[in-house]
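Subject: Structure for your review

Dear colleague,

Please find below the structure I am handing over to you. My notes on the ligand site and on the packing of several helices follow it.

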Amino acid sequence: MNAPHPTETAGSPVARRRILEARDVSKRFVKRLDLAGKIARRLGSSIREETVHAVDGVSLSVGEGEVLGLVGESGCGKSTFGRMVAGILPPSEGTLSFDGKPIWNGGRVTARETALAVQMIFQDPFASLDPRMRVQDIVGEAPVVHGMVPRKEIGDYVAEVMLRVGLDPDFRRRYPHQFSGGQRQRIGIARALAVKPRFLVCDEAIAALDVSIQAQVINLFMDLRADLDLTYLFISHDLSVVEHIADRVVIMYLGRVVEIATTEDIFDDPNHPYTQALLSEVPRIELRRRDYQPVKGEIPSPLDPPSGCHFHPRCPHATERCRAERPALREIAPGRLSACHLND
Ligand code: SF4
């Protein structure tokens, strides 16, 4: 049994069995100097390469079978975090483990089994599908390459996976451009399912689809969860979708986690001022679903984030302490964590 995780509590669903753990995970990107910058530096300028702290010390756990929503404004680091979980981007610091085994060893994914067990569904299905490949090759390539299905059986296997995601197997010889946006996303889901994953990282996976198609794809994700015991990291800026789909929600701001709680607690009684700002609704009674308004104020640059609490320039409660001291993410009630000095 692993040591208790700092973000885990008795009231949390992840207390039963943790399948994914992140501990103090950070990712930095160095913005290289362009030619003019290099020349200026040679001429004696103090100009330097800049570092983006895309993810800054994130710790969280996901319980087996759970849907964990990861929410924040554009540029908060949620997609970068998802890519580290999916074995696409190595972390700069910290550890990520899946089913007790580390995902990364330095800059390399440690084991093929882990890489296959965690699959990613991308926002833009068209960009993530090779336009020169037929669906049967897009879906069937990885299972054959990894020896999961004999080549002579791949036709039947692809047909089975296509049926599971609601695609007609008769269309398997078609190319991605011959499908609608919703169907293309189903091809992306079929490609991920073909290697029998246990964990799906969905990165804004329905954001590019029409609202009516979004509902169908969400229902597909939930059916797959029930049928295949899948666990999800569901990354989205769309709070209405997250409220509908997630068991717990993690709120990120400028690379840091600011609040973790059950979906019910987040939406009924948000603790962190940033979560409260995110959940400010536009009062429009004709809308059947909640509609949220953008948080007031500019998002600061991750190249030069504010001192102390990153949210202080936009926070109506900010004090001198907030400007100087980073608030720790700590438990404020069973199963609830928040990073705000107001809780002291
Ligand atoms: Fe606002 Fe201060 Fe809390 Fe940050 S720590 S959210 S600035 S009150």
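By class, the shell around the ligand holds eight nonpolar and four polar residues, and no charged ones. Please note that this is a predicted model.

The residues that surround the ligand are H272, P273, C309, H312, C315, H317, A318, C322, P327, C340, H341 and L342. As for the space that the ligand takes up, this is the largest cavity.

The second part of these notes concerns the helices. Two packed helices are described by the angle between their axes and the distance between the axes.

Helix α5 covers residues 135–145 and helix α6 covers residues 154–164; their axes come within 9 Å and cross at roughly 110°. Angles of 65 to 115 degrees count as roughly perpendicular, and α5 and α6 are therefore roughly perpendicular to each other. Their crossing is right-handed.

Helix α5 also packs with helix α7 (residues 181–193), at an angle of about 25° and with the axes 7 Å apart. This makes α5 roughly parallel to α7. Here too, α5 passes α7 in a right-handed crossing.

Helix α7 in turn packs with helix α8 (residues 211–228); the angle is about 20° and the axes are 10 Å apart. Accordingly, α7 is roughly parallel to α8. The crossing in which α7 passes α8 is right-handed.

Yours sincerely

Key: Residues are numbered from 1 along each chain as its sequence is written. This is a predicted model: local features need pLDDT of at least 70, side-chain atom pairs count only at pLDDT 80 or more; totals for chains, interfaces and linings use all residues. Side-chain values use heavy atoms; hydrogens and water are left out. A residue is near a molecule or strand if one of its heavy atoms lies within 4 Å of it. On a 1 Å grid over the protein atoms alone, a cavity is a set of points where a 1.4 Å probe fits but cannot get out, and a pocket is an open set with protein on both sides within 12 Å along at least five of seven lines; lining residues have an atom within 4 Å of a point. A molecule sits in a cavity or pocket if more than half of its atoms lie within 2 Å of its grid points. Ala, Val, Leu, Ile, Met, Phe, Trp, Tyr, Cys and Pro count as nonpolar, Asp, Glu, Lys and Arg as charged, and the others, Gly among them, as polar. Axes are lines fitted to C-alpha atoms, for helices over the stretch in contact, and angles run from 0 to 180 degrees between N-to-C directions. Helices (H or I, at least four residues) and strands (E, at least two) are DSSP runs, numbered from the N terminus. Angles under 35 degrees count as roughly parallel, over 145 as roughly antiparallel, 65 to 115 as roughly perpendicular and the rest as oblique. A crossing is left-handed if the near helix is turned anticlockwise from the far one by less than a right angle, and right-handed if clockwise.
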